[in-house]
Amino acid sequence: MLDILETEKSFILKHIKEGDTVADFTMGNGHDTLFFSQTVGVGGRVFAFDIQQSALESTKKRLEDNNAPQNYTLICDSHHNADKYIDCKIKAGMFNLGYLPGGDKTITTKRETTLAAVKTAIGLLDTDSILLIAVYPGHEEGEIEGELINEMLQTLDRKKYCCAKFRIINSPTSSYFYIVETK
Ligand SMILES: C[S@@+](CC[C@H](N)C(=O)[O-])C[C@H]1O[C@@H](n2cnc3c(N)ncnc32)[C@H](O)[C@@H]1O
């Protein structure tokens, strides 16, 4: 049966290789940061963002425990400020919206900053790159975030971007994702 996380990674892996620069816009416990760090290797760069210091600590521990290459910068700030920290184009970016698993469920991504951050991330995309946005419609804010992202992505110029949605249609509360690919 389909594994949504593996499917997400398979899309991303088509666009990144060792030495690339990438961004994890919702660091959380660092699973995606670790995946990026190991994939782009010692010559690559990984920028990761979260507004919770506890996420940075948890991610740092995960990276160290797994002997990840020293290619990461962990930033305690909102993802809509990403372009203040990232000084070049990125080959891949990932949003995993919602709240920190095992953490405070009231500290969740919110529509205003999420939409601004997705726009910032799109502005950072290199040629032949990908942005992946995983949405969790099982809670109210997640459902609204998904709808707003959908509306915004529909307006992007098809000559520059291919925007798609991947959803298991007989499981309406399961996570689903959008991809934005550049030419
Ligand atoms: C679903 S979790 C991410 C899970 C993560 N990808 C992992 O591998 O564990 C969502 C994260 O987004 C963070 N977050 C919420 N608002 C944010 C914002 N404005 N900027 C950056 N991160 C934010 C939360 O603190 C939370 O840790």
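In this predicted model, A164 stands opposite I179 in β7. The strand pair behind this match consists of β6 (residues 161-166) and β7, which run antiparallel and are joined by 6 bridges. Strand β7 (residues 176-182) also pairs with β5 (residues 125-135), over 6 bridges and in the antiparallel sense. Within β7, Y178 is the residue that faces I133.

Strand β5 has a further pairing, with β4 (residues 90-96), where the sense is parallel and the bridges number 6. Here I90 has L125 in β5 as its bridge partner. The three pairings are set out below.

| Strand pair | Sense | Bridges | Facing residues |
|---|---|---|---|
| β6 and β7 | antiparallel | 6 bridges | A164 and I179 |
| β5 and β7 | antiparallel | 6 bridges | I133 and Y178 |
| β4 and β5 | parallel | 6 bridges | I90 and L125 |

These pairings belong to an open sheet of 7 strands with mixed pairing, ordered β3-β2-β1-β4-β5-β7-β6. Strands β3 (72-76) and β6 occupy the edges; each has a single partner strand, so one side of each is left without a neighbour in the sheet. From one strand to the next, the twist averages 10°.

Helices also lie against this sheet. Helix α1 (residues 4-13) lies across β4, β5, β6 and β7, and runs at about 170° to β5. Helix α3 (residues 53-65) packs on the sheet as well, where it touches β2 and β3. The direction of α3 makes about 165° with that of β3.

A helix-to-helix contact is formed by α4 (residues 111-124) and α5 (residues 140-154), which pack at an angle of about 35° with their axes 10 Å apart. The crossing of these two helices is right-handed. On the α4 side, R111, T114, L115 and V118 take part, and they meet E141, I144, E145, L148, I149 and M152 in α5. By class, this contact has 6 nonpolar, 1 polar and 3 charged residues.

Taken as a whole, the protein has 5 helices and 7 strands. Their order from the N terminus on is α-β-α-β-α-β-β-α-β-α-β-β. The radius of gyration is 15 Å, close to the 16 Å that the globule rule gives for 183 residues, so the protein is as compact as a globular protein of that length. Along the principal axes, the C-alpha atoms fill a box of roughly 40 × 40 × 35 Å.

The remaining topic is the ligand. Of the 20 residues around the ligand, those that come nearest are T26, G28, N29, H31 and L100. The elements that give two or more residues to this shell are α2 (31-40) and β2 (45-50). By class, the shell divides into 6 nonpolar, 12 polar and 2 charged residues. Strand β2 thus appears in two settings: β2 contributes to the shell around the ligand, and β2 is touched by helix α3 on the sheet.

Note on methods. Residues numbered from 1 in each chain as written. Predicted model: local features only at pLDDT ≥ 70, side-chain atom pairs only at ≥ 80, totals over all residues. Axes fitted to C-alpha atoms, helices over the stretch in contact; angles between N-to-C directions. Helix = DSSP H or I, 4+ residues; strand = E, 2+ residues; numbered from the N terminus. Left-handed = near helix turned anticlockwise from the far one by under 90°. Contact = placed C-beta atoms within 7 Å. Nonpolar A, V, L, I, M, F, W, Y, C, P; charged D, E, K, R; others polar. Near = placed C-beta within 6 Å. Pairing = 2+ DSSP bridges. Rg over C-alpha atoms; globule rule 2.2 N^0.38 Å.
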